[in-house]
Every structure is written in structure tokens, then in C-alpha cells.
Amino acid sequence: MIKKINETVNYLKSQGIEKPEIGIVLGTGLGDLINHIEIIKTIAYSSIPNFPVTTVGFHQGKLIYGTIADKTILVMQGRFHYYEGYSFQEITFPIRVMKLLGINYLLLSNAAGGINLDFKKGDLIAIDDHINLLPGNPLMGKNLDDLGDRFPDMSAPYSYMMCDLFQQACQYFGVPFKKGVYVAVSGPQLETRAEYTFLKIIGADMVGMSTVPEVIVSSHMKLPCFAVSVITDECDPKNLKPVNISEIIEVAGKSDKLLTKIFCEMIEKLDVS
Ligand code: HPA
């Protein structure tokens, strides 16, 4: 595994991706940030050695290297999900690679269902903590001792400092600051009414099918990370409306520009020295 990670790191360095300072993963329906990057290099996932091979016929995944506010950033446009058939090690491989390329911080975004009914469609919610209901995790198997401990601490997987920056950016743009607990499920189906009731009872505020594996490897590598959910559907078991993926993408798209502004503000404020 380490050998593969280093191979990929060396390939990306040979392509001019020399010293990214901040890694970013853009979730479903969230791509506007790309328009604000001074792009240095774009590479399709399909041409990166050891990157997960797509199991579906199409794949638009791209790695974009460039600058925002004079900081070098490496953006994953599109991530890998468990429901697509990838292993948890494959899903988190790019995060390992970004860390070894030298990133100091990781920013993640996703589309999620709102279980907390105070959250409305389009809201941006900082993830404060999570519950992993995925059927496994990326740290299973032999520990990568060079990258982190066998039993990583998870008392604060989301950086308080980065969450403060998010809060300040929300204030700056005049949007309410909200935070919550994200539960990761396998999908690809959405949840039943009984499942939403269950998720609420166990303490979740929002639900989605990603992010947690990436955050677990960030904790393993002591990489400070921040994650935000865009609420794309309201999961009220007493009043559940059918949703479909095109609606989810459409709702995420409406909040995309605000998320870009907030991420740009956070990037500007992050101290990468
Ligand atoms: N459930 C799971 N994942 C999701 C949802 C949801 O309601 N909305 C967006 N991603």
C-alpha cells in the first residue's frame, strides 16, 4: 500500500503537482469552486497510476492543482463511494496521496439529507462529529505504521480551528452558522421512514453516503480536516416526500456558489506556513 501511495505521489510530482498546501474534495453537485482556481494542472483520475478504476461506464473524476488567494490547492472533483463497489482503502487512497504530497489541511463537502428538521434544503452545515454506519472502515487490516497509529484518537476528528473559520466566513456573508452530527450509510438507496426515525434517535442531524472514511484516514494521519454538508432533502419520517438524485444535484447546485465563497474565505485565512 505505501509503495503504491509513493508511486502515485511521484507520478503527480512529475506532472508538476509539487507542493499542494490544502486538499479539497467536492461532493455531489458541488463544482463551482473550480471556476475560482488559477489552474496549474488538471489530471483525469483515469490517467493517475493506482487511482481507483471506475466501475461505472463513465467517470468525470479530475484532480485540479492550482492556487486560490496565493495558496496552492489540490481539488478532487468527484470522490469514490462505497456503494460504487470500491473498498474503503480505495475510497481513501487519494487522501493518503494528498497528505504525502504535503497538504496541511483538508476541506471536504458533501450532499446530505437533513434529519434535524431545523435544517432546510440548501443549508450549509458544518460537520461537528460523525457516526460511522458504513460496513467497515479504511483502517482495517495491517496498520500503516509510517502514516499513523493502530488505534487513532477520534475525540475531535473535525478541526475546531477550521470550524471557527467556517463560522467566521458564515458571519461575513450573513448566513446563519449551523453544525451537526453526520451519519454515514452505505446507500445507494435513500432511507425508509423507519430508518430516518432510527438515525434521529441515535443522534444524527444529517445523513449521507461519504466523507466518514476520508475523515477516519485524516485522523489516522493527524491531518486537520473540516467537512460541510449541503442539505439537499428534508428527512421528516412523518411527512416524507419522494426524492431522486437529480433533485439532490439541483438543490446542491443552488448552494454551490455560497459554498465557494465560504471555502475561498477559509482558504485565504488558513495559515499554511
Ligand atoms: N440519505 C442519504 N444520503 C443522502 C441523502 C439522504 O437522504 N440526501 C443526500 N444524500
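**Figure 1. Surroundings of Leu258 in helix α6 of the predicted model.** In this predicted model, Leu258 touches Leu124, Phe173 and Val175, with residues up to four places away in sequence left out of the list. The helix that carries Leu258 is α6, which covers residues 245-269. Although Leu258 and Phe173 are 85 residues apart in sequence, their C-alpha atoms are 8.5 Å apart in space. Leu258 has a relative accessibility of 23% and therefore counts as partly exposed, given that a residue is called buried under 20%.

**Figure 2. Surroundings of Ile5 in helix α1.** Ile5 belongs to helix α1, which is made up of residues 2-14, and its relative accessibility of 0% places Ile5 among the buried residues. Leaving aside residues up to four places away in sequence, the contacts of Ile5 are Phe93, Arg96, Val97, Leu100 and Leu147. The C-alpha atom of Ile5 also lies 9.9 Å from that of Ile95, a residue 90 positions away along the chain.

**Figure 3. Strand β1 and its parallel partners β4 and β5.** Strand β1 comprises residues 22-26, and because five of the five are buried, β1 is largely enclosed by the rest of the structure. The side chains are divided between two directions, with Ile22, Ile24 and Leu26 pointing one way and Gly23 and Val25 the other way, and the residues of both groups are buried. With strand β4 (residues 71-77), β1 pairs in the parallel sense over five bridges, and the bridge partner of Leu26 in β4 is Gln77. With strand β5 (residues 105-114), β1 likewise pairs in the parallel sense, here over four bridges, and Ile24 of β1 stands opposite Leu107 in β5.

**Figure 4. Strand β3 with its antiparallel partners β2 and β4.** Six of the seven residues of β3 (residues 62-68) are buried, so this strand is largely enclosed by the rest of the structure. Strand β2 (residues 38-44) runs antiparallel to β3 and is joined to it by six bridges, with Ile43 standing opposite Leu63 in β3. The pairing of β3 with β4 is also antiparallel and extends over seven bridges, and in this pairing Leu63 stands opposite Met76 in β4.

**Figure 5. Ala69 in the hairpin of β3 and β4.** The hairpin has two residues between its strands, and in it Ala69 takes a positive phi near 50°. Most residues other than glycine have a negative phi, whereas Ala69 is a residue other than glycine with a positive value. Ala69 is located in the loop between β3 and β4, where its relative accessible area of 39% makes it partly exposed.

**Figure 6. The loop between β7 and α4, with Pro188 and Thr192.** This loop connects β7 (179-184) to α4 (193-201) and holds Thr192 as well as Pro188. The peptide bond from Gly187 to Pro188 is cis, with omega near 0°, whereas most peptide bonds are trans. Thr192 counts as partly exposed at a relative accessibility of 41%. Between the C-alpha atoms of Thr192 and Asn110 the distance is 21 Å, for a separation of 82 residues in sequence.

**Figure 7. Thr211 in the loop between β8 and α5.** Thr211 is found between β8 (206-208) and α5 (212-220), and its phi is near 70°, a positive value in a residue other than glycine. With a relative accessible area of 0%, Thr211 is buried.

**Figure 8. The chain as the setting of the close-up views.** The chain contains six helices and nine strands. Its radius of gyration is 18 Å, close to the 19 Å that the globule rule gives for 273 residues, so the chain is as compact as a globular protein of that length. The C-alpha trace spans about 55 × 40 × 40 Å along its principal axes, and 53% of the 273 residues count as buried. Among contacts between residues at least 6 apart in sequence, 84% join residues at least 24 apart. The chain exposes about 12300 Å², of which carbon and sulfur atoms supply 52%, and the mean positions of its 25 positive and 30 negative charges are 2 Å apart.

Technical notes. Residues are numbered from 1 along each chain as its sequence is written. This is a predicted model: local features need pLDDT of at least 70, side-chain atom pairs count only at pLDDT 80 or more; totals for chains, interfaces and linings use all residues. Side-chain values use heavy atoms; hydrogens and water are left out. Buried means under 20% relative accessible area, exposed over 50%, partly exposed in between (1.4 Å probe, protein chains only). Two strands pair if DSSP finds at least two bridges between them. The radius of gyration is taken over C-alpha atoms; the globule rule is 2.2 Å times the number of residues to the power 0.38. Contact means heavy atoms within 4.5 Å. Accessible areas come from the Shrake-Rupley method with a 1.4 Å probe; for residues, only the protein chains shown count as cover. Lys and Arg count as positive and Asp and Glu as negative; His and the chain ends are not counted. The place of a charge is taken as NZ of Lys, CZ of Arg, CG of Asp or CD of Glu.
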